[in-house]
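Subject: Structure handover

Dear colleague,

Here is the structure we talked about, passed on for you to look over. My notes follow below it.

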Amino acid sequence: MFRAAHLIAFLSLGAILMSAATLSDQAKSLHFSSIVIDTHDDTTQRLLDPKFDLGARHSDGSIDIPRMRDGGLSALFFSIWIPSKITGPQAVKQALDQIDAVHETVRNHPNDLVLATTADEIRAARAQNKIAALIGVEGGHMIANDLGVLRSFAALGVRYMTLTHTGNTDWADSSTDKSEHNGLTDFGKDVVREMNRLGVIVDVSHVSDKTFYDVLATSEAPVFASHSSCRALCSAARNMTDDMIRDLAKHGGVIQINYHVGFLSQEFRNVEAAHPELEKEINAEIKKRCGDDESCSLVAGDQIVREYMQSGKLPRVDWTKIIEHIEHAIKIAGIDHVGLGSDFDGAMMPFGMEDASHLPQITAALLQKGYSDSDIRKILGENTLRLLHEVQLASASTQP
Ligand SMILES: [Zn+2]
């Protein structure tokens with residue numbers, strides 16, 4: 001464990017030095033003058049650990065204030081997540097604990113962080129050289145079938161809700177569970193309409209294809225996929241088909257590309273599927289390092305998978321795959337409908353994108369591909385700002 005941690009630290013230091021050396025002045029100046037938004041980070045689990053300080057630089061995980069500063073990250077959505085199997089009052093309690101942890105983290109870092117709920121507040125945070133902290137609830141199970149809980153979450157600053165996680169809720173089917181409701185139930189449609197009224201973005205990451213189309217038919221406001229990649233490039237059920245990407249865009253939405261190796265690389269997926277024993281081995285190793293500690297498990301899983309890729313047990317996936325997915329999504333959806341939703345601290349990151357400090361490489365790569373400054377700014381954050389603004393306008397139009 002000691003040696004592995006050192007190896008990872010050494011590799012990521014090497015990648016930082018390499019990327020710093022190869023970033024052009026043009027890329028740096030464009031990146032650090034843009035608003036860069038990440039719509040999905042699972043760092044909240046770590047915030048629950050009283051020993052974890054977001055203000056300190058860490059050698060594990062992907063997100064802390066120093067590395068966000070290094071990467072020019074202007075705003076991030078802290079994900080409120082608990083497993084789908086936890087439901088009812090217990091789910092509400094745990095979600096509230098995590099929302100409180102985000103608020104407390106912001107309160108404890110007033111020079112670096114500010115809570116934001118609108119596009120204007122993100123721009124204002126940026127003007128004060130602060131990082132905007134936003135909140136998204138990852139899984140409709142946390143409202144415990146109660147629109148009052150949804151309204152309370154919105155009042156506490158929650159600005160998106162992913163309708164399901166990996167399991168179905170009582171009112172929406174997930175992409176990784178058996179179809180139970182044929183998409184959204186009538187109550188599920190009420191949830192979507194209430195989210196529209198509250199100005200909470202409907203997040204279609206994780207939901208089944210039928211749920212996605214029921215959402216498009218129900219939602220008055222544009223919706224987004226906070227952390228999903230392209231199924232045409234990697235056949236995970238969690239990724240979006242070209243038709244879905246096209247229809248999301250027609251509805252004004254944004255696909256935020258996920259950096260998880262198992263959603264980026266078909267080769268990685270194929271080897272994983274052919275060798276189920278590897279997943280068992282990895283899970284046993286996570287258990288050994290972390291016991292039942294969820295935040296430790298999320299971060300350790302990322303490290304262990306990278307060690308497996310390093311040793312050749314799993315195919316190596318490089319960060320440039322992220323660019324392939326961004327370009328594919330642009331081809332299908334158009335430049336106005338693609339953004340970034342890393343899944344940092346909740347998934348397995350590719351080589352060269354171990355943490356938020358590497359984000360300027362995305363700008364450099366898109367410049368090299370010939371995209372204009374204004375198009376790159378759209379991908380980095382302007383598309384998400386536009387969506388936040390439109391969801392807010394749609395909410396205002398429903399008020400009497
Ligand atoms: Zn997720």
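Which residues are the protein donors of the zinc ion? They are E138 through OE, and H206 and H227 each through NE2, at 2.0 to 2.2 Å from the metal. Please keep in mind that this is a predicted model. Its mean pLDDT is 94 for the protein chain, with 94% of the residues at 70 or more. Residues 1-20 are another matter: pLDDT stays under 50 there, and the model has 17 contacts beyond four places in sequence for that stretch.

Zinc site

The donor spacing along the sequence is E-x67-H-x20-H. E138 and H227 link distant parts of the chain, being 89 residues apart. E138 belongs to strand β4 (residues 131-138), while H227 sits in the loop between β7 (224-225) and α10 (242-250). Are these two donors buried or exposed? E138 has a relative accessible area of 3% and H227 has 1%; both are therefore buried, the cut-off being under 20%.

The loop between β7 and α10

S226 is in this loop as well. With a relative accessible area of 0%, S226 is buried. Its side chain makes a polar contact with the side chain of the zinc donor H227, at 2.8 Å. Leaving out residues up to four places away in sequence, S226 touches T39, H40, Y160, D203, S205, Q256 and G341.

S229 is also found in the loop between β7 and α10, and S229 is buried too, at 0% relative accessibility. What does the side chain of S229 reach at 2.9 Å? The partner is the backbone oxygen of N258. N258 is also among the contacts of S229 beyond four places in sequence, which further include N239, M240, I255, I257, F263, L264 and H325. As for I255, its C-alpha atom is 7.5 Å from that of S229, although the two residues are 26 apart along the chain.

Nonpolar cores

The largest nonpolar core has 88 residues, and L163, I326 and I362 are the members that touch the most others in it. Beyond four places in sequence, L163 touches G139, G140, T169, W171, L184, V192, M195, V202, D203, V207, T211 and V215. D203 therefore appears in the contact lists of both L163 and S226, contact being heavy atoms within 4.5 Å. Another core, of 20 residues, lies apart from the largest one; A75, I122, A132 and L385 are among its residues.

Helix α6

I122 of that second core is also one of the buried residues of helix α6 (residues 119-127), together with A119 and A125. Why do these three lie on the same side of α6? They cover an arc of only 120° around the axis, which puts them there. The face turned away from the buried side carries the exposed residues D120 and A127. The cover over the buried residues of α6 includes β1 (37-41), β2 (75-80), β3 (113-115), β4 and α17 (373-398). Strand β4 thus has a part in two places, since it holds the zinc donor E138 and helps to cover α6. After α6 comes N129, with a positive phi near 60°.

Regards

Methods:
Residues numbered from 1 in each chain as written. Predicted model: local features only at pLDDT ≥ 70, side-chain atom pairs only at ≥ 80, totals over all residues. Heavy atoms only, no water. Donors = N, O, S within 2.8 Å, 3.2 Å for Na, K, Ca; no water. Helix = DSSP H or I, 4+ residues; strand = E, 2+ residues; numbered from the N terminus. Buried < 20%, exposed > 50% of the residue type's maximum accessible area, 1.4 Å probe, protein only. Polar contact = N/O pair within 3.5 Å; in protein donor to acceptor, adjacent residues only side chain to side chain. Core = buried A, V, L, I, M, F, W, Y, C linked by side-chain atoms within 4.5 Å. Arc of directions from axis to C-beta. pLDDT = per-residue confidence, 0-100.
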